[in-house]
Every structure is written in C-alpha cells, then in structure tokens.
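User: Please examine the structure that follows and answer a series of questions on local environments, cysteines, nonpolar cores and aromatic pairs.

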Amino acid sequence: MRNKNYLKSIFIFYVTIGCCSISQIEAAWTIPTTISTTLSDQPDISVDKSGNAVAIWQGFDGSNYVIQASSRPNGGSWTVPISISEGGENAQAPLVCMDALGNAVAVWNRFDGMYSMVQAAQLPLGGSWTGPINISSSGANANNATLGMDASGAVGNAVAVWHRFNGSNFVIQGATLPSGGSWSVPTDVSASGQDALIPEVAVDKNGNSVITCIRYDGSSFGVVSASQVYSEVWGPNFTLSLPGDTSYAPIVRVDSDGNAVCLWSQFDGTNNVIQTSSLVLGSSWSPSVALSAPGQNAYISDF
C-alpha cells in the first residue's frame, strides 16, 4: 500500500435549537517551498500523528537517479535534502511511512548492474537516516515494492512487499521490520506456479497486515489476498474475485482493529465494474459484491 497523506478541509458543524449554523475552518496554504535541489520526481510523503513530516523523491546526482529525502518537525522548517540511496546505479519508485512516534521507514527499487532489488532505510525521530540495505534476495529481479506501517498503535512495525521472479513465475514476497529491530528474511507470500503481481499492503495498529495482488490462474487475472498476524508467518491465499473475469487494480485498507476492505475493478464480459469484499480479523473474506451501477464502466482511482 502506498502510504499517502492527503490534506483535506476540516468542517465543524454547530447545531443549536431553533437554528442551524455552519462554521468552516480552513487553514491557509503556506507559500510553496522548494525542498529538492536537483531534477526531481516520484515524490512521496508521510506525516505522523504529531505533525512531523518526511518527504522522499527520486533525484539525480549528475550520473544516476538517487533517492533523496527531507524532513520537517511540526512547526519547523524542511531540512537540507540528502541522498539516502547509494550512487553508481539508478534508484527509483521511493515510498515512505511513519509510525505514531515519528520514526520513518523508506523503500525503493535499485538496479545493481544485473538485477533490480528492493532496498530500505530508516529515520528514527530526531536522528539520521541509516544506510540502505537490501531487503529482497539477490539473483533475480524484484520490483514494484510497496510499504505499509503501523501508524497509530504502539507496535510500530513496517511491512514491505514486492513481486520477484523465482525462475519460473513472479511471486509476491514480503519482509517485516519490527520496531527497533531488523528486517526479516524475505519470504514468499503468494503460492508458486502462477504469476502474481502488483501487491498492496495495509497494517493495523497491532502490526497485523493484509496484502492483495493480482494472480494469473491460467486464463485470467484474479484478485488474491493473504494475511499475516503480527510476528507470525503469512497465512494462505484467498481468491476474492469471481472466476473467469479479468480483475485488476486491487486496493486494500484496514481499520485499527485489523478489519479489512478490498476494492478492485473486474470485467464482467461487457463492462468494468467495481467489486468489493471485506474481512473481519480472524474470519474469512466475504463473497464479493458489485458496488458500481450495472451497464456502465467504472474504474478504480487510488486514494
């Protein structure tokens, strides 16, 4: 799951007996501040519950694309950007998440001269970025990394997932970073034998995580999910979408108690429709149902 934070207007409604008044609280946007110093794109940002922010993006060091970052304490100023990936080879597709205490984790893809790998670094609150480490196994391409993190609870662990070619198929792999610990050895999340691609991940306040991806069953792509209870192994895969219909672009979100909802787009033979399924923690996914109106196309827009 890409951890995106969107600023929205806040509305407070006051209701009194005999009349109703509406008061809108709107904070004015600050003057734009340039925080990058080179050719930059692919930005991502995360904000903790205290208002501390970390931004990362793909910059250019004159020879290669590198991952750069800047942070801003609540009410303070953005720090001078630094490169958090190594030079010498291209790095791209950065993502960043923060926990409730303001600790940040970033992941990205980097080319090592032969293969694409997933790398990560950490920024403790008030500290400095750690050096980048490989969290995917070497020897085959690992791409499309996504990141989720406990942003509200006390566990503070992060989960990264990606797809990797195992010599026969693309499989979804994942690694977990417990708060104050080290990244786990990457393990397979999806079953081998069929291609699985484009994972999404969400993490609740207790560190439980849910992933979704698309997986090819021999005739069409379907939406598949797997769950991981904090500190345990990944559970079995469940197919959420209807068989025979091509499905894509799944989005998964969890609440603070680990209950999940998944949305995806599915072609029913005539139109693309939005389907959904839900999961109560410790239970099974519900049968999928259509949310969008029949007879017209509907598409997923990430949020």
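User: Is Ser 247 buried or exposed?

Analyst: The model is a predicted one, and Ser 247 is found in it in strand β19, residues 247-254. The relative accessibility of Ser 247 is 1%. The limit for burial is under 20%, so Ser 247 counts as buried.

User: Which side chain is joined to that of Ser 247 by a polar contact of 2.8 Å?

Analyst: Leaving aside neighbours within four places in sequence, Ser 247 is in contact with residues including Ile 214, Phe 221, Trp 264 and Gln 266. A polar contact of 2.8 Å joins the side chain of Ser 247 to that of Gln 266.

User: Where does Asp 204 lie, and is it buried or exposed?

Analyst: Asp 204 lies in the loop between β15 (196-203) and β16 (209-216). Its relative accessible area is 2%. Burial requires a value under 20%, so Asp 204 is buried.

User: Which backbone nitrogen atoms does the side chain of Asp 204 approach at 2.9 Å?

Analyst: A polar atom of the Asp 204 side chain lies 2.9 Å from the backbone nitrogen of Asn 206. The side chain of Asp 204 also reaches a backbone nitrogen at 2.9 Å in Asn 208. The atoms asked for are therefore the backbone nitrogens of Asn 206 and Asn 208.

User: Which residues does Asp 204 touch, not counting those up to four places away in sequence?

Analyst: One of the residues touched by Asp 204 is Asp 150. The others are Val 254, Asp 255, Ser 256, Asp 257 and Gly 258.

User: How many disulfides are there?

Analyst: A disulfide needs cysteine sulfur atoms within 2.5 Å. The sulfur of Cys 97 is 18 Å from the closest cysteine sulfur, in Cys 262, which is too far for a bond. Cys 213 is in no disulfide, as the nearest cysteine sulfur, again that of Cys 262, is 9.9 Å away. The count of disulfides comes to 0.

User: What are the relative accessible areas of Cys 97 and Cys 213?

Analyst: Cys 97 is buried, and Cys 213 is buried too. The relative accessible area of Cys 97 is 1%, and that of Cys 213 is 1%.

User: Which element gives the largest share of the largest nonpolar core?

Analyst: The largest nonpolar core has 17 residues, and those with the most contacts inside it are Val 107, Ile 135, Leu 147, Trp 162 and Trp 183. Elements that give two or more residues to this core are β7 (91-98), β8 (104-111), β9 (116-123), β11 (142-149), β12 (158-165) and β13 (170-177). The largest share, 4 residues, comes from β11.

User: How many residues does the other core contain, the one with Ile 67 and Ala 91 among them?

Analyst: In soluble globular proteins, nonpolar side chains tend to be buried together. Apart from the largest core lies another, with Ile 67, Ala 91, Ala 104 and Ala 121 among its members. The size of this core is 14 residues.

User: Why is the aromatic pair of Tyr 216 and Phe 221 classed as it is, and what is the class called?

Analyst: The count of aromatic pairs comes to 3. In one of them, the ring centres of Tyr 216 and Phe 221 are 5.1 Å apart and the planes stand at 55°. Planes under 30 degrees apart would be stacked and over 60 edge-to-face, so this pair is tilted.

User: What are the relative accessible areas of Tyr 216 and Phe 221?

Analyst: Both rings belong to partly exposed residues. For Tyr 216 the relative accessible area is 32%, and for Phe 221 the value is 25%.

Note on methods: Residues numbered from 1 in each chain as written. Predicted model: local features only at pLDDT ≥ 70, side-chain atom pairs only at ≥ 80, totals over all residues. Heavy atoms only, no water. Buried < 20%, exposed > 50% of the residue type's maximum accessible area, 1.4 Å probe, protein only. Contact = heavy atoms within 4.5 Å. Polar contact = N/O pair within 3.5 Å; in protein donor to acceptor, adjacent residues only side chain to side chain. Core = buried A, V, L, I, M, F, W, Y, C linked by side-chain atoms within 4.5 Å. Phe/Tyr/Trp six-rings, centres within 6.5 Å; stacked < 30°, edge-to-face > 60°.
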